[in-house]
Amino acid sequence: WSRIRFDRSGVEKWGVALGTDDTFRISNLFTNGTAASPDDSCFVINNSSKIGIGTASPSAKLHVASASGTGVALAVKGGNDIVDNILLNLINQSGTTVLNVRNNGALYGTAATFSSNVTITGNLTVNGTATTIDTTNLVVEDPLIVLAKNQTGTPTLDAGIVIERGDSNNAAMYWDESDDQFRFITTTEAGSTAGNIAITDN
């Protein structure tokens with residue numbers, strides 16, 4: 001190794017080095033109050049121009065790692081003057097923002113795909129126009145389901161459940177608002193109507 005060492009009061013503290021693997025390092029030579037175990041992974045640039053903080057073997061352009069049991073690997077702290085309250089921006093190779101983290105903890109993105117389990121411990125609000133659930137089984141704890149929640153004043157919308165039946169007419173269980181009664185019918189309705197459901201057979 002080629003190293004420049006910085007001492008204080010006769011005690012080695014920090015070093016700047018070029019390793020035999022052509023990796024540039026800034027090392028803590030007095031880790032946890034002892035010179036017995038120098039930390040050569042404080043800051044690393046390898047010969048592929050990958051930067052490592054807390055790791056001697058960075059696997060990305062910037063690889064931040066924490067030692068086991070030491071808590072947070074990367075913390076980003078914003079101030080009152082950050083633009084649009086954006087704390088962190090992730091931008092793809094086309095220059096498009098795919099995800100940003102706001103100062104209030106909110107996440108904004110264009111799209112996201114999760115290949116494993118996702119657990120949300122708080123409330124989930126979906127503000128789109130459609131919610132599609134492609135699961136084999138749907139289990140709901142709530143004993144009451146509210147439909148047409150935005151209907152106010154004099155009710156005008158039929159509300160219920162439509163069952164998809166492939167090439168045959170669908171089946172529906174719903175409240176017919178025009179007749180003030182429940183109906184169990186077959187119908188061409190596919191669940192896209194916001195109003196009267198077309199009755200095929202009573």
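In the predicted model, strand β3, spanning residues 24-28, and strand β4, spanning residues 39-45, are paired in the antiparallel sense over 4 bridges. Two of the residue pairs can be named: N28 has D39 of β4 as its bridge partner, and R25 is partnered in β4 by V44. On its other pairing, β3 is joined by 5 bridges to strand β2, which covers residues 11-18, and these two strands likewise run antiparallel. Within this pairing, G15 is matched with S27, its bridge partner in β3. The connection between β2 and β3 is a hairpin with 5 residues between the strands, and D22, which lies in the turn, has a positive phi of about 65 degrees.

Strand β4 also takes part in a pairing with strand β5 (residues 51-53), which is antiparallel and comprises 2 bridges. Here V44 stands opposite G52 of β5, and V44 is also the residue of β4 that serves as bridge partner of R25. The hairpin formed by β4 and β5 has 5 residues between the strands, among them S49, for which a positive phi near 65 degrees is found. A further residue of strand β4 is S41, which is classed as buried because its relative accessible area is 16%, below the 20% that bounds this class. When neighbours within four places in sequence are left aside, the contacts of S41 are with I53, G54, T55 and A56; of these, I53 belongs to strand β5, which ends at that residue.

A separate part of the description concerns strands β7, β8 and β9. These 3 strands form an open sheet in the order β7-β8-β9, with antiparallel pairing. The edges of the sheet are occupied by β7 (86-91) and β9 (107-109), each of which pairs on one side only. From one strand to the next, the twist averages 15 degrees. Strand β8, which comprises residues 97-102, is joined to β9 by 3 bridges, and the two strands run antiparallel. One of the residues of β8 in this pairing is N100, whose bridge partner in β9 is Y108.

The same region of the sequence contributes to a nonpolar patch on the surface, with an area of about 520 Å², which is made by L74, V76, L88, L90, L99 and L107. Of the residues that make this patch, L90 is placed in strand β7, and L90 counts as partly exposed because its relative accessibility is 40%, a value that lies between the limits of 20% for buried and 50% for exposed residues. L90 is also one of the contacts of T96, a residue situated in the loop between β7 and β8. With neighbours within four places in sequence left aside, T96 is in contact with L90 and I91. T96 has a relative accessibility of 38% and therefore counts as partly exposed. The separation of T96 from S49, the residue of positive phi in the hairpin of β4 and β5, amounts to 47 residues in sequence and 24 Å in space, taken from C-alpha to C-alpha.

Another open sheet is formed by 3 strands in the order β10-β11-β12, and its pairing is antiparallel. Its edge strands are β10 (159-163) and β12 (181-187), each pairing on one side only. Neighbouring strands of this sheet are turned against each other by 15 degrees on average, when direction is ignored. Strand β11, made up of residues 170-176, is joined to β10 by 5 bridges in an antiparallel arrangement, and in this pairing V162 stands opposite A172 of β11. The pairing of β11 with β12 is also antiparallel and extends over 7 bridges; within it, A171 has T186 of β12 as its bridge partner. The two strands β11 and β12 form a hairpin with 4 residues between them, in which D180 takes a positive phi near 55 degrees.

Methods: Residues are numbered from 1 along each chain as its sequence is written. This is a predicted model: local features need pLDDT of at least 70, side-chain atom pairs count only at pLDDT 80 or more; totals for chains, interfaces and linings use all residues. Side-chain values use heavy atoms; hydrogens and water are left out. Two strands pair if DSSP finds at least two bridges between them. Axes are lines fitted to C-alpha atoms, for helices over the stretch in contact, and angles run from 0 to 180 degrees between N-to-C directions. Patches are made of residues with over 30% relative accessible area and no salt bridge: like charges are joined within 9 Å, nonpolar side chains (Val, Leu, Ile, Met, Phe, Trp, Tyr) within 5 Å. Accessible areas come from the Shrake-Rupley method with a 1.4 Å probe; for residues, only the protein chains shown count as cover. A salt bridge is a side-chain nitrogen of Lys or Arg within 4 Å of a carboxyl oxygen of Asp or Glu. Buried means under 20% relative accessible area, exposed over 50%, partly exposed in between (1.4 Å probe, protein chains only). Contact means heavy atoms within 4.5 Å.
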